[in-house]
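Here are my notes for someone opening this one for the first time. Keep the viewer at hand and follow the points in order.

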Amino acid sequence: GQGVAEMVSRYYLVAELQELRAGMKQRVEKAISVQRSKIQDFQKRLEESDGADEWRQKGEVLSMSMHAIKQGATEVTVPDWSNLDEETQEPAQLKVSLDPSKSAQENVELMFLRFKKLNRQREAVTPLIKQCEASLVELVEVLETLQTMPKASPDQAAAATRVLRSLECGLESRGIVKRRKASDTLSASLEKADAMLQAKSERKGRQVQPRGRGKAPEFMRFRSPSGLEVVAGRSSKQNDRVTWGIAKDRDVWFHARGIGGSHVVLIIPKCDDEEAFLRDHRDDVLFAAGVAAFYSKGRKDTKVDVSYTPRRHLRPPPPPAARAPPA
């Protein structure tokens, strides 16, 4: 009833927080890897740009000795008047590689062009490295926060979710992490799983009789937080089979109250104290109730009342012969 609906709502507040935290952790870890790769690439380009001054020097030296360059030469040795011997005041000799397909003037222009290109590269890359390093520091701090966050109670989950959403929005708005797709949510995942189950059922094109407890492939089957099996029907016929064919007396039956929806059963193992077992597996009960709420006509509502009871408390439907004829 209302108590179960409130429990389901509180459960999914915690589930949403856990999903958000796990998703953010994964995206932040990926962003950290991206930033580190960027820094490595930028540093490599910065090291390449360190050769800019060497190209400038070659261009200046070569421009003063173009008369010594023969057409088609692959290299030339020319005096470097910017580098004089302290004793003799003779210039050092500088060997310069040339492009044999170009003239002396074109080779000089090519060297100055390389100098300008590498110089621009250095000017562009230096602030990018600082920017990536700052983003990396921030991402590492966010990751540490996500890893050390204490487990939130249902009462704390809403506030904690708002904090993480705000943090996520800030990272996304500055392009530090990629924006989360609308499909990366708990409800969207259930919608996608529902569509896949429907497509699978349509491809089969026939009914499959159950071969043992919960083995029928057309039923929707889930695993609760502790690993218990949850089975749900997709039609009125399947609902009957779930409730009266699959479920045992000890299993817990769920259904959205007052509206159409799937019959959902939480499969309970044999135990001496079923009530104690359910108290110890409260998250599993809430999970199954959430499945019943989701696969009902009230799935778009903010709250769905869910009834639940051990299957033994249900009355089986009368056989067809005993049912009253239509008026």
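1. Overall layout. The protein chain has 8 helices and 7 strands. Bear in mind that you are looking at a predicted model. Of the 327 residues in the chain, 35% count as buried. If you take the contacts with a separation of 6 or more, 67% of them are between residues 24 or more positions apart.

2. The largest nonpolar core. This core has 25 residues, and the members touching the most other members are Leu 17, Val 28, Ile 32, Leu 139, Leu 146, Leu 164 and Leu 171. Three helices each give at least two residues to this core: α1 (2-49), α3 (104-148) and α4 (154-173). The largest share is from α1, with 9 residues. To get a feel for the packing, click on Leu 139: leaving out residues up to four places away in sequence, Leu 139 touches Val 28, Ala 31, Ile 32, Gln 35, Ile 176 and Val 177.

3. Another core. Apart from the core around Leu 139 lies another one, made of 23 residues. Met 220, Leu 228, Ile 268 and Ala 289 are among them.

4. A salt bridge between helices. A search of the whole structure turns up 10 salt bridges. One to look at joins the side chains of Glu 168 and Arg 27, at 2.6 Å from N to O. Glu 168 sits in helix α4 and Arg 27 in helix α1, so this pair ties together parts that are 141 residues apart in sequence. Are these two residues buried or exposed? Both Glu 168 and Arg 27 are buried.

5. A salt bridge inside one helix. Glu 54 and Lys 58 pair up too, with their closest N and O atoms 3.5 Å apart. Both lie in helix α2 (residues 52-63), 4 residues apart, or about one turn of the helix. As a general reminder, an α-helix has 3.6 residues a turn, so residues three or four places apart point the same way. Glu 54 is partly exposed, at a relative accessible area of 44%, while Lys 58 counts as buried at 15%.

6. Arg 311 and its surroundings. The side chains of Arg 311 and Asp 249 form a salt bridge, 2.8 Å from N to O. This pair links distant parts of the chain, 62 residues apart: Arg 311 is in the segment after β7 (306-310), and Asp 249 is in the loop between α6 and β5. Arg 311 is buried, with a relative accessible area of 11%, whereas Asp 249 is partly exposed at 39%. Now look at Asp 251, which is in the loop between α6 (236-246) and β5 (252-256). Its C-alpha atom is separated by 5.8 Å from that of Arg 311, although the two residues are 60 apart along the chain. Why does Asp 251 count as buried? Its relative accessible area is 0%, and the cut-off for buried is under 20%.

7. Helix α6. The buried residues of this helix are Gln 238, Asn 239, Arg 241, Val 242, Thr 243 and Ile 246. What do they pack against? The buried residues of α6 pack against β4 (229-232), β5 and β6 (264-266).

8. A buried charge worth a second look. Asp 284 is found in helix α8 (residues 282-294). Asp 284 is buried yet has no salt bridge, and Arg 223, the nearest side chain of opposite charge, is 9.5 Å away. What Asp 284 does have is a polar contact of 2.7 Å between its side chain and that of Ser 226. Not counting residues up to four places away in sequence, Asp 284 touches Ser 224, Pro 225, Ser 226, Leu 228 and Leu 266. Leu 228 appears here again, having already come up as a member of the 23-residue core.

9. The hairpin. Strands β1 (residues 75-84) and β2 (residues 91-97) pair in the antiparallel sense over 7 bridges. Which residue of β2 is the bridge partner of Thr 77? That is Lys 95. The hairpin has 6 residues between the strands, and Gln 89 takes a positive phi near 60° there.

Conventions
Residues are numbered from 1 along each chain as its sequence is written. This is a predicted model: local features need pLDDT of at least 70, side-chain atom pairs count only at pLDDT 80 or more; totals for chains, interfaces and linings use all residues. Side-chain values use heavy atoms; hydrogens and water are left out. A nonpolar core is a set of buried Ala, Val, Leu, Ile, Met, Phe, Trp, Tyr and Cys residues joined through side-chain atoms within 4.5 Å. Buried means under 20% relative accessible area, exposed over 50%, partly exposed in between (1.4 Å probe, protein chains only). Contact means heavy atoms within 4.5 Å. Lys and Arg count as positive and Asp and Glu as negative; His and the chain ends are not counted. A salt bridge is a side-chain nitrogen of Lys or Arg within 4 Å of a carboxyl oxygen of Asp or Glu. A polar contact is a pair of N or O atoms within 3.5 Å; within protein, one must be able to donate a hydrogen and the other to accept it, and residues adjacent in sequence count only if both atoms are side-chain atoms. Two strands pair if DSSP finds at least two bridges between them.
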